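The exercises below concern backbone geometry, surface exposure and internal space. Each task is followed by a solution in steps.

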Amino acid sequence: MKLSDLARLRLTYAPQGLTLDGPMPSGYHHLEVERRLGAGDAAYRSVAEALLRYAPQRGLGLRPRATAPRAAVGVDLLSRLVVLPVPCRIVWVVEGPHRTGFGYGTLEGHVESGEEGFLVERRGDDVYAVVRAYARPASWLTRLGGPLTWLAQLLAAHGYLRALQRAVREDG
């Protein structure tokens, strides 16, 4: 699968966009994790920009390639999980002084069906990162993995948070 192939693929799930504000849909496995990353305007700005440039995915080793260097609705991303293609499309973006992030949904060929959202939020002076997801198996591989698939998704979410934490430290 090539990045140029993604434009013809469809999203594999509905409803879409619920990782931004929910509620999470029934019939899916749900995940939500968060971490305090730091405090202040500089921390917020640096981690928000890192997020919009796919730092969580890079930090996890997914080697994302995207149709744009910065997250925007409609941008396609193709990452690799070892040898498995991970095709996704950005379905929402928010960018503001207190909340920045994006969510992407699975495209045909992904081993799961669902959405993953990434947010950086200002809560007073504190800066938090939040990862929310809903997914269900879309291939025999993820059905076979059962609870191990959900554990892997949880570990990946914590890896995304660590990558964003590094972005704050590297910039500050």
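The structure shown is a predicted model.

**Exercise 1.** Determine whether Arg 63 is buried or exposed, and describe its backbone and its place in the chain.

*Solution.* Step 1: the relative accessibility of Arg 63 is 54%. Step 2: a residue counts as exposed over 50%, so Arg 63 is exposed. Step 3: the phi angle of Arg 63 is near 50°, a positive value in a residue other than glycine. Step 4: Arg 63 lies in the loop between helix 3 and strand 2 (65-66).

**Exercise 2.** Carry out the corresponding analysis for Tyr 54: is this residue buried or exposed?

*Solution.* Step 1: Tyr 54 is located in the loop between helix 2 (41-52) and helix 3 (55-59). Step 2: its phi is near 70°, which is positive although the residue is not glycine. Step 3: most residues other than glycine have a negative phi. Step 4: the relative accessibility of Tyr 54 is 1%. Because buried means under 20%, Tyr 54 counts as buried.

**Exercise 3.** Identify which residues the cis peptide bonds join, and where the prolines lie.

*Solution.* Step 1: one cis bond joins Ala 14 and Pro 15, with omega about 0°. Pro 15 belongs to the segment before helix 1 (18-21). Step 2: the bond from Gly 22 to Pro 23 is cis, with omega near 0°. Pro 23 is placed in the loop between helix 1 and strand 1 (29-39). Step 3: for context, most peptide bonds are trans.

**Exercise 4.** State which residues form the nonpolar surface patch, and examine Leu 155 within it.

*Solution.* Step 1: the patch consists of Leu 148, Leu 151, Leu 154 and Leu 155, which together have about 380 Å² of accessible area. Step 2: Leu 155 lies in helix 5 (residues 147-171). Step 3: with a relative accessible area of 52%, Leu 155 is exposed.

**Exercise 5.** Establish how many cavities of 30 Å³ or more are counted, and characterise the lining of the largest cavity.

*Solution.* Step 1: the count is one cavity of 30 Å³ or more. Step 2: the volume of the largest cavity is about 30 Å³. Step 3: its lining is made up of Gln 57, Leu 62, Leu 77, Ser 79, Val 86, Cys 88 and Tyr 104. Step 4: strand 3 (76-81) and strand 4 (84-95) each contribute at least two residues to this lining. Step 5: by type, the lining has five nonpolar residues, two polar residues and no charged residues.

Definitions and conventions. Residues numbered from 1 in each chain as written. Predicted model: local features only at pLDDT ≥ 70, side-chain atom pairs only at ≥ 80, totals over all residues. Heavy atoms only, no water. Helix = DSSP H or I, 4+ residues; strand = E, 2+ residues; numbered from the N terminus. Buried < 20%, exposed > 50% of the residue type's maximum accessible area, 1.4 Å probe, protein only. Patch = residues over 30% accessible without salt bridge, like charges linked within 9 Å, V, L, I, M, F, W, Y side chains within 5 Å. Areas by Shrake-Rupley, 256 points an atom, 1.4 Å probe, with all protein chains shown as cover. Salt bridge = Lys/Arg side-chain N within 4 Å of Asp/Glu carboxyl O. 1 Å grid on protein atoms, 1.4 Å probe; cavity = no way out; pocket = protein on both sides within 12 Å on 5 of 7 lines; lining within 4 Å. Points joined across faces, edges and corners; volume = space filled by probe spheres on them. Nonpolar A, V, L, I, M, F, W, Y, C, P; charged D, E, K, R; others polar.
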